[in-house]
Amino acid sequence: MVFLFAAASSALPRENSHTEASPSSRSYLFSASFDYATGKEVTADLSSADQQSLAVQPQSVIVRIDFVGNRRVRADTLKARIFSREGDVYNEETLRRDFQALWNTQFFEDVKLRVEDAPNRSDGKIIIFEVRERPQIRRIRYDGIHSVSESDILDRFKERKVGLSVESQFDPTKIKKAEVVLKELLGEHGRQFAKVTPQYERIASSNAVILVFKIEEGPKVKVGQIKFKGNHAFSDRKLIRAMRHDRPYAIPLYFANIPVLTKTYDREKLSEDLEVGVRGLYRDNGYFKVSVGEPILENVDTTHSRLGVPLVTGKGHGKAVNITIPIEEGDRFRMGTLKIVSSDPDKALSLKVDALKSAFPLKQGDIFSTEKVRKALETYGKIYGEYGFIDFTPEPDTEVDDANKIINLTLRFDEQKQYFVRRIDFSGNTTTRDKVIRRELMIDEGQLFNKRLWELSILRLNQLDYFDKIEADKAAEIKRNTKEGTVDINLKLKEKGKQSIGLQGGVSGLAGSFIGLTYQTNNFLGLGETLTFSAQFGDLTRSFMFGFTEPYLFDRPISSGFTIFSSRYKFDQARQAALLTGQSVSINPQFIQNYNQDSTGFTLFASYPVRKLSFTRIGLQYGLTRTNITAFNDASKLLFTQVQFRSIAGPSALNGIISSTITPTVTYNTVNNPINPTGGKSYFYSLGLSGLGGNVKSISNVVDWKYYRPVNKHRNVLGFHASGAFITGYGGGEPPPYSRFYMGGESDIRGFDIRSITPVTFIPVQTAQQFIYTCNTCLNGAGQPTQRSVSVPVLGYTITFPGGDTQGYGNIEYRIPIIGNIFQTAFFFDGGTNGILRKGALRLDPTGFDNLTASFPSAVSSGALDANRQLGIAPGTNFRLRGSTGIEFVVQLPIIQAPFRVYYAFNLHRLHSQLLAPPDFIESSEICDPSLGDKCTTPGRLPSTLPPDVWRFQVRPAIEQLLQNPGSLNYFEPQRTFRFTVSRTF
């Protein structure tokens, strides 16, 4: 600030002089202005320097105070800012204070004060303030910015309360603060050498400016080498891994890390890494007095390949910071004694001290860990929260014994007030009735406020999926009455649309290409009922379903309902594989399943919690289904007609399959959201018993487990899923083939074709093989030999896929939200197996077996048929482990209500081999020839009836070739799969 002092010239008394005199002829008592070029204030003081001469002059009176040049600020507002008033005695010292007060308002860029004599009064003075208001900022421009967006800058300005915005007044102080914040923000993005220069441009014919920040970002600074001095307990590698912000992106191996990409240098994040990462690692392992010194920073120039392709893009230049961190580890301490006392010496603790000590994770003599102490304090907060002490505060006090290398810990508990619930209100539930919400709460008015039960109540509300996600600490407004020891809770909710109409379509391994329509009300009339209707049409499926669920029957927690359904499923493995891979399958179409399954039926279900407001429920379900099968190839026909699963054999076994099943269930579910879970676990077990009516007798057991764990500061989710099932028959019956287990596809093991993971079996079948020969003794009219044929009964084998009676598989996913729940990516691993545990259950139907033995009497003795009618299983196909890993991308649009996903899978364990069927069998009575060394005494039918040369040189070699070359199946599962589906695995 520059002060200029000069003697004031006498003012000539003239009427209206402050409006008529030119600026050059005016004499100013005080003046101040802001120089935008230098950023300095220029102030001039032209008041009288001789205070004694002023003292002898007669006193004057202020007649009027005028303001000239003010537009936006009213004169009354300015008068309120000064001390002088009309009628006061004229005093230059007071005017100096007035002038300084007006200048300090920061309203003006130029202020001048002058005094004129009043025209109508000899001792009167007129005080005139001439002002020029500071310009408004009409626009803010950031020239040269690339590393951060303008929205990031505005967010940081708001966070740091800079107060600089469009249409605000030009304020050099705020602009300087904005400059500092901008440099700080650029520094966080590696631009440590950035230069920020504020400039302005006047807008013609207005008192407004365009504020321009000229930015030279400079090179991006990366984290260079990180070294440590004085570390002995931990290696450099382990310490670097503890530095979350500064460690390089690397591939972790057991013995070393392979760096891939370095991170951007940020001094504040480095300080956090030193405190939380390095120092925290030592203190968590007993080095309580570790000292992490100030890091030694070295700026170095670097040369790197642009985009990692030096031969194509050349070299680039940049800067890096090499970091050297000095450490003094100190001694390693162990846990000493633990004391838990009340912070109020006149008040005892409400809970027993011994019980509190048992919850502490460290025992005397254990390595002292600050992390375990921190978690123990959180545990104590939860324990006290269950007893209504919601303001409980623990204070740890450590006593270090350097001689014995132990730390004695004293925990002082400030319990504060114990609270009860006085009132619970809800807001935002425009449709859902209060009783629907209240019945999910595990605490009630008048009860102790249990924080644990309140958190579980929020979990139960989230499981309903009626509202947007409810946060226990944000959605609940808790008002305390410390005098009465009560709380009033207001739970703020935001309802989702209770009705949804979803149009679905796409390509699925199970359904092929399809389109579907779903209508659902998940909160019918605000009472919680669910009404669902869905229809789906595709080239492989057609289904209709109508269902209704009542969650509280008779105002009791009995969830009950029903579904009615009708479906047609075309199970064509060849078509499914061609649809998904774009090419024909490599398996003989006669060896794979190809049939239609038409089913109609209904289910009734009900479940009840084992105790009030419990997450464990027991349920009972009854289902009645009628199924008809239409087989289109031999493999499917034989599977349904020749394998024993009913008392009926032959073609009639394909129609009228009636399954009457009762299924008790047990479930436990704490998953916090049914569609996009981020935490919780669930267990499910069911025991299905078929045979209470109908003609199917089977028992099935299903176990399912899911677990979701938030990781990476609750940003990502780690999900686990495991499932197992077993089915068997009883009372002489076996489960029908379509009820057995087939794996593969997006519902269990991605990367494999739908229902392609199954054991392979061989079903014996009677065929008539035609052999053509040339008869030299049988001449036609031209005297030439003719072609003749002979038919031979052959016991052959058809390869088929019966499904397993036991299956087990598991899935692991690491889910990363990219745009909330709308767009996610996930890395996955799937693995499992499927097989036949009860091999004796896979038998031929007695009628079919008798027909075969009648045609081939010696088939059993020769080993071609099993005497127990049991079917053989191809080696390497029963309980063969399958596994795949890959990545998937999921898009879930709120309107469509369906997860669309694309995934790529690499199959780690697959079946890639040729499967051979047993050799064909021909009765010896047909082909036995003692003259060729066969073990028989009487020649068979063919050697006896055919000419010797025909038999010996034509028919016999053809039969031997048939018997020596059994049927084969090229079972080649894909190694890589890229697929689009509309579903989630779990």
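With the whole chain on screen, colour by secondary structure, and you can look through the 21 helices and 42 strands in the protein; helices (H or I, at least four residues) and strands (E, at least two) are DSSP runs, numbered from the N terminus. This is a predicted model, in which local features need pLDDT of at least 70 and side-chain atom pairs count only at pLDDT 80 or more, while totals for chains, interfaces and linings use all residues. Residues are numbered from 1 along each chain as its sequence is written, and side-chain values use heavy atoms, with hydrogens and water left out.

**The whole protein**

Stay with the full view for a moment and switch on the surface. The protein exposes about 49900 Å², of which carbon and sulfur atoms supply 54%; accessible areas come from the Shrake-Rupley method with a 1.4 Å probe, and for residues only the protein chains shown count as cover. Of the 986 residues in the protein, 44% are buried, where buried means under 20% relative accessible area, exposed over 50% and partly exposed in between (1.4 Å probe, protein chains only). Among the contacts (heavy atoms within 4.5 Å) with a separation of 6 or more, 66% are between residues 24 or more positions apart.

**The largest nonpolar core**

In soluble globular proteins, nonpolar side chains tend to be buried together. A nonpolar core is here a set of buried Ala, Val, Leu, Ile, Met, Phe, Trp, Tyr and Cys residues joined through side-chain atoms within 4.5 Å. Select V760, L795, A859 and Y971, which touch the most other members of the largest nonpolar core, a set of 25 residues. Then colour β33 (761–779), β34 (785–800), α17 (846–855) and β41 (968–972), the elements that give two or more residues to this core; β34 gives the most, with 3 residues.

Centre the view on A859 and show what surrounds this residue: not counting residues up to four places away in sequence, A859 touches L795, A864, L865, F921 and E923. For a second, separate core, move to a group of 23 residues that includes F67, V73, L78 and F99.

**A buried acid**

Next select D920, in the loop between β40 (912–916) and α19 (924–927). Which side chain of opposite charge is nearest to D920? That side chain is R956, 15 Å away, and D920 is buried yet has no salt bridge. Lys and Arg count as positive and Asp and Glu as negative, while His and the chain ends are not counted; a salt bridge is a side-chain nitrogen of Lys or Arg within 4 Å of a carboxyl oxygen of Asp or Glu. Leaving aside neighbours within four places in sequence, D920 is in contact with V794, L795, G796, Y797, L962 and L963.

**Salt bridges**

Side chains of opposite charge can pair when their charged atoms come close. A search of the whole structure finds 53 salt bridges, and a few of them can be visited in turn.

- Select K405 and D331, which form a salt bridge with the closest N and O atoms 3.7 Å apart. K405 is in the loop between β17 (393–401) and β18 (406–414) and D331 in the loop between β15 (315–328) and β16 (334–342), so that this pair links distant parts of the chain, 74 residues apart. K405 counts as partly exposed at 28% relative accessibility, and D331 is partly exposed at 39%.
- Select E813 and R815, whose side chains meet in a salt bridge (2.7 Å, N to O). E813 is buried, with a relative accessible area of 0%, and R815 counts as buried at 5%.
- Select E888 and R901, a salt bridge with the closest N and O atoms 2.9 Å apart. Because E888 lies in strand β38 (residues 882–893) and R901 in strand β39 (residues 898–909), the pair ties together parts that are 13 residues apart in sequence.

Now show R750, E813, R815, D830, E888, R901 and R984 together, since these residues are linked in a network of salt bridges.**On the surface**

Turn to I515, F533, F537, F544, F546, I564, F602 and L604, which form a nonpolar patch on the surface with about 700 Å² of accessible area together. Patches are made of residues with over 30% relative accessible area and no salt bridge, like charges being joined within 9 Å and nonpolar side chains (Val, Leu, Ile, Met, Phe, Trp, Tyr) within 5 Å. The elements β24 (529–538), β25 (541–550) and β27 (594–609) give two or more residues to the patch.

Finally, select K483, in the loop between β20 (476–481) and β21 (486–492), which counts as exposed at 73% relative accessibility. The C-alpha atoms of K483 and K417 are separated by 9.2 Å, the two residues being 66 apart along the chain.
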